[in-house]
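Okay, thanks for squeezing me in. Let me put the structure up and we'll walk through it together.

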Amino acid sequence: MTFRPVTATSLAKPAMEGAGVHLHRVFGFGDPSETDPFLMMDDFRNDDPQFYEKGFPWHPHRGIETITYVLEGEVEHGDSLGNRGTLGAGSVQWMTAGSGIMHQEMPRGNAAGQMHGFQLWANLPSSLKMTAPRYQDISASDIPEIIDDDGTRVKVVTGGFWGKRGPVDGIAADPLYLDVSVPPGVKKSLPVDTRANAFAYVFAGAGRFSDAADPIGVRVEKEVAGQEWKIRDLSGNRTLVRFGNGDEVTVQAGPEGVRFLLVAGRPIQEPVAWHGPIVMNTRAELQQAMRDLQNGTFIRSEH
């Protein structure tokens with residue numbers, strides 16, 4: 001087995017989207033080849049309803065798939081095809097926009113006002129850009145969770161991992177999407193397809209990934225079970241960790257453990273013409289999408 005080195009780390013940056021939703025942009029709108037087949041990721045964890053309650057009113061998507069993972073609170077969604085639903089805590093929605101869809105997403109906090117979750121955009125290859133839109137709504141109870149002997153917990157949203165398969169299927173990028181929790185002080189290696197691009201996004205605790213880059217954060221020393229930890233040397237909340245080639249990702253959990261998303265997918269390696277929520281291969285296709293929006297033909301009636 002070959003360990004994947006860390007090629008870059010970065011902190012998610014504050015941003016605002018929709019009708020005034022405060023969130024953190026993990027990556028996106030830069031060089032899409034760096035994370036191919038993934039285009040963008042947002043962390044929309046927030047504890048104050050005034051910063052998210054106006055939500056994401058009606059907007060278009062074409063040529064991509066959006067993956068929404070809710071940790072706390074709910075997201076009500078509706079679309080131009082008549083679909084309606086509510087994503088609860090622990091649930092996932094994998095939306096294939098394909099040829100085009102208009103939809104809205106309206107967040108609602110839990111009893112404590114928390115609205116926590118993530119949205120990831122995955123590109124579609126040219127052969128599937130104009131495929132029929134579809135949804136896969138997955139409840140928390142349908143997502144398999146594996147608990148290893150050392151206490152490591154892995155929720156498998158999509159892909160195969162440790163003998164389990166996630167409930168989301170038929171995805172163009174054939175990705176791996178895991179929610180991983182490693183207990184304090186445990187060192188864990190996780191297999192990843194050697195041909196896939198991979199990243200981790202830390203959202204609780206902290207950990208040191210193999211060949212970690214420069215320290216992030218404030219130096220804090222803490223002794224746990226007789227071992228001294230230098231917290232500054234660990235990747236903590238809202239840290240994106242990108243990996244190089246190899247077939248294993250290794251993490252050493254800090255004194256409070258670490259929880260992160262581990263995502264991997266084989267790159268599409270096609271040109272990207274991108275304008276907001278519409279992602280095509282050429283500028284001409286992008287211009288056609290804009291004309292379709294203007295003349296009312298964006299939604300294909302045959303679907």
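I'll talk about a helix and then about the cores. Keep in mind that this is a predicted model.

So, helix α1. That's residues 283-295, 13 residues. From first C-alpha to last it reaches 18 Å, close to the 18 Å you'd expect at 1.5 Å a residue.

Which residues of α1 are buried? L286, A289 and D292. They cover an arc of only 115° around the axis, which puts them on the same side of α1. The general background: an α-helix has 3.6 residues a turn, so residues three or four places apart point the same way.

And what do those buried residues pack against? Two strands, β24 at 273-275 and β25 at 278-280. Now flip to the face turned away from the buried side, and you find the exposed residues R283 and Q294. Right after α1 comes G296, with a positive phi near 80°.

Okay, on to the cores. The largest nonpolar core has 26 residues, and F209, F243, F260 and L262 have the most contacts inside it. Where does it come from? β14, β17, β19, β22 and β23 each supply at least two of its residues. β23, residues 248-265, gives the most, with seven.

Have a look at F209 while we're here. Leaving out residues up to four places away in sequence, F209 touches V6, A200, V202, S235, V241, F243, V249, T250, V251 and F260.

Last thing: there's a second, separate core of 25 residues, and A12, I143, V168 and Y201 are among them.

That's me done, happy to rotate things around if anyone wants another look.

Terms used
Residues numbered from 1 in each chain as written. Predicted model: local features only at pLDDT ≥ 70, side-chain atom pairs only at ≥ 80, totals over all residues. Heavy atoms only, no water. Helix = DSSP H or I, 4+ residues; strand = E, 2+ residues; numbered from the N terminus. Expected span 1.5 Å × (residues − 1). Buried < 20%, exposed > 50% of the residue type's maximum accessible area, 1.4 Å probe, protein only. Arc of directions from axis to C-beta. Contact = heavy atoms within 4.5 Å. Core = buried A, V, L, I, M, F, W, Y, C linked by side-chain atoms within 4.5 Å.
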